[in-house]
2 protein chains.
Amino acid sequence: MQTRSRGLMVSAMALALAAGAATADEMAEYKSFFEPLPFLPPIPAHNSMTPEKIDLGRMLFFEPRISGSGVISCATCHNPALGWSDRIPRAVGHGGQVGERNTPTVLNSGFLESQFWDGREPDLEGQALGPIQADIEMNMSLSDAIDRLNEFEVYRKHFAAAFPEDPEPIRAENVALAIATFERTLNTPNSPLDRYLRGDEGAMTDSQKSGMRLFVDAGCVACHNGPALTDSNFHRFELPGSTDEGRYVVTGDEFDKFAFRTPTLRNVAVTYPYFNNGSVESLHDAVQLMGQQMLGQDFTDQELDDLVAFMHAMTGEMPRVEIPALP
Amino acid sequence: MQTRSRGLMVSAMALALAAGAATADEMAEYKSFFEPLPFLPPIPAHNSMTPEKIDLGRMLFFEPRISGSGVISCATCHNPALGWSDRIPRAVGHGGQVGERNTPTVLNSGFLESQFWDGREPDLEGQALGPIQADIEMNMSLSDAIDRLNEFEVYRKHFAAAFPEDPEPIRAENVALAIATFERTLNTPNSPLDRYLRGDEGAMTDSQKSGMRLFVDAGCVACHNGPALTDSNFHRFELPGSTDEGRYVVTGDEFDKFAFRTPTLRNVAVTYPYFNNGSVESLHDAVQLMGQQMLGQDFTDQELDDLVAFMHAMTGEMPRVEIPALP
């Protein structure tokens with residue numbers, strides 16, 4: 001009888017799983033790894049969020065005239081139409097030069113604990129000025145950029161409004177503060193995963209729920225956890241075709257060779273292609289490669305389908321940003 | 001007494017002018033030259049305007065993956081943040097190449113009777129495919145562009161919805177029809193000039209009204225008239241620094257050498273720099289040059305101020321376009 005009653009229990013559990021009802025224990029486990037995305041990331045004490053700064057940051061984000069060619073802005077590679085990224089393998093910048101790395105999305109980037117694939121900047125303020133100056137990206141010196149902005153009455157007004165206590169508000173540091181502030185508004189709450197974690201059982205499909213279970217059990221969750229689904233840490237792996245030494249370039253530490261910051265999985269379904277050189281276009285292939293490299297595991301087709309379905313549950317509501325009218 | 005009463009009359013007229021009241025005759029004269037901008041331009045019989053086509057055209061307009069580099073779209077040079085143009089002298093395209101001509105705005109382009117500076121295409125349908133293929137602009141063959149679009153389920157759906165009777169809707173001709181349809185929605189009604197012409201005396205400042213009077217009296221209106229403030233015709237002039245033969249390249253007719261289509265003056269204040277090579281940045285300078293070249297006239301500083309003020313009365317309400325979510 002014991003066998004039979006165990007059989008019944010298993011059947012009952014299978015039924016419960018098929019119906020998608022997570023047990024209280026299971027939900028508690030999920031909540032220990034995952035967290036619904038807050039509407040805003042932490043705001044640093046030295047850069048308070050104000051409407052004036054957001055507004056100025058939005059203008060600067062879309063401003064191509066702080067590039068050497070006059071046609072490349074932050075929004076060129078971090079394109080709002082393309083998940084705030086570019087959906088090509090590697091970034092194309094000044095004079096059509098192709099960079100070494102795939103453009104990371106700006107979405108939810110305020111939740112990351114370091115910026116760039118190699119984490120060389122601690123925050124968005126540190127990140128913002130890099131691409132403006134990089135000769136293969138926007139290719140403009142900060143002093144030229146500041147001079148250009150100073151030509152416009154409209155910018156003089158907006159900088160003064162955003163930094164009212166600064167006697168000379170049009171400065172590179174303030175460009176960074178404003179862009180970072182705008183970027184902290186670009187978040188994607190209310191994904192199916194978020195709604196599920198908040199108690200809406202119907203927010204995820206059965207396949208997504210199976211994928212979530214597997215995501216936890218297989219160990220993906222070891223690195224992809226927290227509100228942004230990243231540990232913001234660095235991990236080595238061998239990506240076919242990549243010679244990029246990653247974190248090692250920053251630290252010079254052999255241990256960091258070929259290590260990259262765990263990318264956020266938020267909106268991963270709409271921010272293809274994948275990995276530091278953007279060489280993998282399909283999410284299935286990306287998940288398979290991660291399973292093999294990080295977990296030593298070959299997922300079955302069904303498992304891959306479920307994991308990919310779960311990735312789709314991480315697509316949130318896109319921010320609705322109005323294109324600014326630049327001077 | 002006659003002298004005195006004439007003096008009184010003149011004073012009364014001056015007062016009326018200062019208060020900005022146009023006489024009935026004057027308003028009739030204005031209305032013979034100018035026309036409030038309609039909300040939509042003429043829609044060609046072979047390309048009816050439908051919501052599905054507008055929507056698809058908007059996607060294609062913002063789509064950089066139909067360019068050789070994958071990062072240049074129509075919206076790169078016809079940037080909604082910059083008056084649907086680029087505010088640099090000459091267009092920058094594929095690989096950072098600089099074209100020969102200034103990017104014309106897309107705004108109200110459906111009202112023009114020919115397209116491009118040299119008028120080589122009769123309509124927006126004819127215009128749309130040019131920049132995609134031009135090696136210094138987007139640099140992609142139409143067959144590659146069509147192949148690329150065909151990869152996306154979302155585009156297959158949108159093309160089928162926009163062209164329901166076409167068994168193979170993803171075709172270059174339909175790309176042109178959709179983009180042209182979207183562009184016909186990009187109009188800027190309700191400028192101060194439009195409101196003034198509709199009877200709102202307070203819509204223009206006194207300086208703008210003086211500028212309007214002078215614009216008519218000096219003869220600017222001979223070429224800049226009608227709803228788009230252009231005769232859509234070709235006129236020769238000598239632009240310092242330009243060797244561009246203009247309309248001659250199209251017709252081979254000596255008479256057309258250095259002739260360009262009269263540009264629309266709608267939104268001229270926000271679509272600098274000016275002329276076929278974008279060599280003139282200031283609207284004052286542009287108006288002065290036109291006075292000298294086309295009318296043989298040196299405007300005084302006051303006249304220039306008034307004419308420029310009148311140009312600002314031609315800035316209409318910008319279309320609010322939501323950035324599409326591309327697949």
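These are my notebook entries on what I looked up in this predicted model.

**Entry 1: chain A as a whole**

I began with the secondary structure, and I found 13 helices and 2 strands in chain A. I then looked up the overall dimensions. Along the principal axes, the C-alpha atoms of chain A fill a box of roughly 85 × 40 × 30 Å. I also compared the radius of gyration with the rule for a compact globule. For 327 residues the rule gives a value near 20 Å, and chain A has 22 Å, which agrees.

Next I looked up burial and contacts. Of the 327 residues in chain A, 45% are buried. I considered the contacts in chain A between residues at least 6 apart in sequence, and 69% of these join residues at least 24 apart.

**Entry 2: the two chains**

I asked how many residues of each chain take part in the contact between chain A and chain B. I counted 21 residues of chain A in contact with 21 residues of chain B. On the side of chain A that touches chain B, I noted 12 nonpolar, 6 polar and 3 charged residues.

I then looked up how one copy is placed relative to the other. A turn of 180° with a shift of 0.0 Å along the axis lays chain A on chain B with an RMSD of 0.0 Å. I therefore recorded the relation as that of a two-fold axis. The same surface serves both copies, since 100% of the contact residues of chain A recur in chain B. Which residue of chain A comes closest to the rotation axis? I found that it is Gly95(A), whose C-alpha lies at 2.3 Å.

**Entry 3: helix 10 and helix 13**

I looked up a pair of helices in chain A. The axes of helix 10 (residues 206-218) and helix 13 (residues 301-312) come within 7 Å and cross at roughly 100°. Angles of 65 to 115 degrees count as roughly perpendicular, so I described helix 10 of chain A as roughly perpendicular to helix 13 of chain A.

I listed some of the residues that make this contact. Helix 10 of chain A contributes, among them, Met212(A), Leu214(A) and Phe215(A). From helix 13 of chain A there are others, including Asp305(A), Leu307(A) and Phe310(A). By class, I noted 6 nonpolar, 4 polar and 3 charged residues in the contact.

**Entry 4: helix 3**

I asked which residues of helix 3 (residues 51-61) of chain A are buried. I found Lys53(A), Leu56(A), Gly57(A), Arg58(A), Met59(A), Leu60(A) and Phe61(A). These buried residues pack against helix 4 (74-77), helix 7 and helix 8 of chain A.

**Entry 5: two loop residues**

Is Pro169(A) buried or exposed? I located Pro169(A) in the loop between helix 7 (153-162) and helix 8 (172-183) of chain A. Pro169(A) has 20 C-beta neighbours inside 10 Å and therefore counts as buried. Leaving aside neighbours within four places in sequence, I found Pro169(A) in contact with Phe159(A), Ala160(A), Ala162(A), Phe163(A) and Asn174(A). I also noted that Pro169(A) and Glu153(A) are 16 residues apart in sequence and 13 Å apart in space, C-alpha to C-alpha.

I then turned to Gly226(A), in the loop between helix 10 and strand 1 (234-236) of chain A. Gly226(A) has 16 C-beta neighbours inside 10 Å, so I recorded Gly226(A) as partly exposed. With neighbours within four places in sequence set aside, Gly226(A) is in contact with Glu35(A) and Asp231(A). Gly226(A) and Ser141(A) are 85 residues apart along the chain, and I noted a separation of 37 Å between their C-alpha atoms.

Technical notes: Residues are numbered from 1 along each chain as its sequence is written. Chains are lettered from A and ligands numbered from 1 in the order in which they are written. This is a predicted model: local features need pLDDT of at least 70, side-chain atom pairs count only at pLDDT 80 or more; totals for chains, interfaces and linings use all residues. Two residues are in contact if their C-beta atoms, placed from the backbone, lie within 7 Å. Ala, Val, Leu, Ile, Met, Phe, Trp, Tyr, Cys and Pro count as nonpolar, Asp, Glu, Lys and Arg as charged, and the others, Gly among them, as polar. Copies are superposed by least squares on the C-alpha atoms of residues with pLDDT of at least 70 in both. Helices (H or I, at least four residues) and strands (E, at least two) are DSSP runs, numbered from the N terminus. The radius of gyration is taken over C-alpha atoms; the globule rule is 2.2 Å times the number of residues to the power 0.38. A residue is buried if 20 or more other C-beta atoms lie within 10 Å of its own, exposed if 12 or fewer, and partly exposed in between; C-beta atoms are placed from the backbone. Axes are lines fitted to C-alpha atoms, for helices over the stretch in contact, and angles run from 0 to 180 degrees between N-to-C directions. Angles under 35 degrees count as roughly parallel, over 145 as roughly antiparallel, 65 to 115 as roughly perpendicular and the rest as oblique.
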